[in-house]
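Colleague: I'm new to this one and would like a close look at a single part of it. Could you walk me through it slowly?

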Amino acid sequence: MTALFQDAGAVGWKHWGARLARHRAERWTAGIIERLRDGSLQTGQESAAHVVATWRDLNGELLTSKVAAVELLNVVRPIVAVSAFIAQAAHALHRHPEWRQKLKDDEGQLEPFVQEVRRLYPFFPAVAARVKSDFEWRGYRFSKGYRGLLDLYGTNTDARSWDAPQEFRPERFHDREVTPYDFIPQGGGDHHRNHRCPGEWIAISQMKAFCSFFVNAIDYEVPDQDLDLETEELPPMPKSRFIMRNVRRRQ
Ligand code: HEM
């Protein structure tokens, strides 16, 4: 599952490994869809697998099992991908240890903290699109067929919108209204009308749950390692990942 989002843009054997992983994952989810449909597997009505397996289009048709498999994977894969943001949140907590106590003392700090991680750690630095019809915007011409890149990371760290943009300051989110155009770690614009990621709230709640667990439920040591971000990778992860030692549940 990790190969699907970490190695898909790679070249060489990693890329081929990612393609193989995708085929295997699609076979796995297609099997789940088929077993749900023939009754040999049961899940809760609200599970993603059940919703996808039983969804009917306007003509009352079920999705083919191949399409349903891809749709189910489109839910599972990004939820697993949030693990990269989670590792980055662990990294931020390590680099800014004063936030441990703040998160422990006040649950209300979790959201500003994870928003600042999403702002400052590039996950997908940019998204690409192709211009559908000619238009002009602020003197720039966009001709049909051109490829455009939306600079997500550049927008999230643009000094015209953010004070001291390269500094990790979760408190900036205490009293700042974000707009659909200045804070866009998972795409920009309106969730309902544009392609902005509909999974933002899922990612935020996964990250908050994890940070709360991290500061309240466990103790751990972080041995010496290389925690510089590997900027040639997507998503950029600490070079040593984030190695923890002697992890124990707090009594
Ligand atoms: C790891 C954290 C995540 C990141 C960095 C991320 C990022 C993105 C980006 C950049 C886009 C494209 C936006 C655009 O084209 O303007 C996108 C689209 C999408 N994301 Fe996410 N995403 C994440 C998590 C999730 C989760 C947890 C889900 C759901 C379970 C999800 C579901 C989707 C879907 C369905 C789309 C396509 C939306 C469309 O084309 O209309 N994502 N995401």
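Is I79 buried, partly exposed or exposed, and why does it count that way?

Modeller: Keep in mind that this is a predicted model. I79 counts as partly exposed because its relative accessible area is 36%, and partly exposed covers the range between under 20% for buried and over 50% for exposed. You'll find I79 in helix α4, which runs over residues 65-95. I79 also has company at the surface: together with V75 and I202 it makes up a nonpolar patch, and the three share about 220 Å² of accessible area.

Now stay with helix α4, since there's a pocket to look at. The largest pocket has a volume of about 2,000 Å³. Among the elements giving two or more residues to its lining are α4, the strands β1 (126-130) and β4 (147-151), and the helices α7 (152-156) and α8 (200-216). The largest share comes from α4, with eight residues. In total, 50 residues line this pocket, and those nearest its centre are V127, L150, L152, G187 and G188. Sorted by character, the lining holds 28 nonpolar residues, twelve polar ones and ten charged ones.

For another side chain to set beside I79, try L20, which sits in helix α2 (residues 13-37). L20 counts as exposed because its relative accessibility is 51%. While you're there, find A3: L20 and A3 are 17 residues apart in sequence, and their C-alpha atoms are 9.3 Å apart in space.

How values were computed:
Residues are numbered from 1 along each chain as its sequence is written. This is a predicted model: local features need pLDDT of at least 70, side-chain atom pairs count only at pLDDT 80 or more; totals for chains, interfaces and linings use all residues. Side-chain values use heavy atoms; hydrogens and water are left out. Patches are made of residues with over 30% relative accessible area and no salt bridge: like charges are joined within 9 Å, nonpolar side chains (Val, Leu, Ile, Met, Phe, Trp, Tyr) within 5 Å. Accessible areas come from the Shrake-Rupley method with a 1.4 Å probe; for residues, only the protein chains shown count as cover. A salt bridge is a side-chain nitrogen of Lys or Arg within 4 Å of a carboxyl oxygen of Asp or Glu. Helices (H or I, at least four residues) and strands (E, at least two) are DSSP runs, numbered from the N terminus. Buried means under 20% relative accessible area, exposed over 50%, partly exposed in between (1.4 Å probe, protein chains only). On a 1 Å grid over the protein atoms alone, a cavity is a set of points where a 1.4 Å probe fits but cannot get out, and a pocket is an open set with protein on both sides within 12 Å along at least five of seven lines; lining residues have an atom within 4 Å of a point. Grid points are joined across faces, edges and corners, and a volume is the space filled by probe spheres set on the points. Ala, Val, Leu, Ile, Met, Phe, Trp, Tyr, Cys and Pro count as nonpolar, Asp, Glu, Lys and Arg as charged, and the others, Gly among them, as polar.
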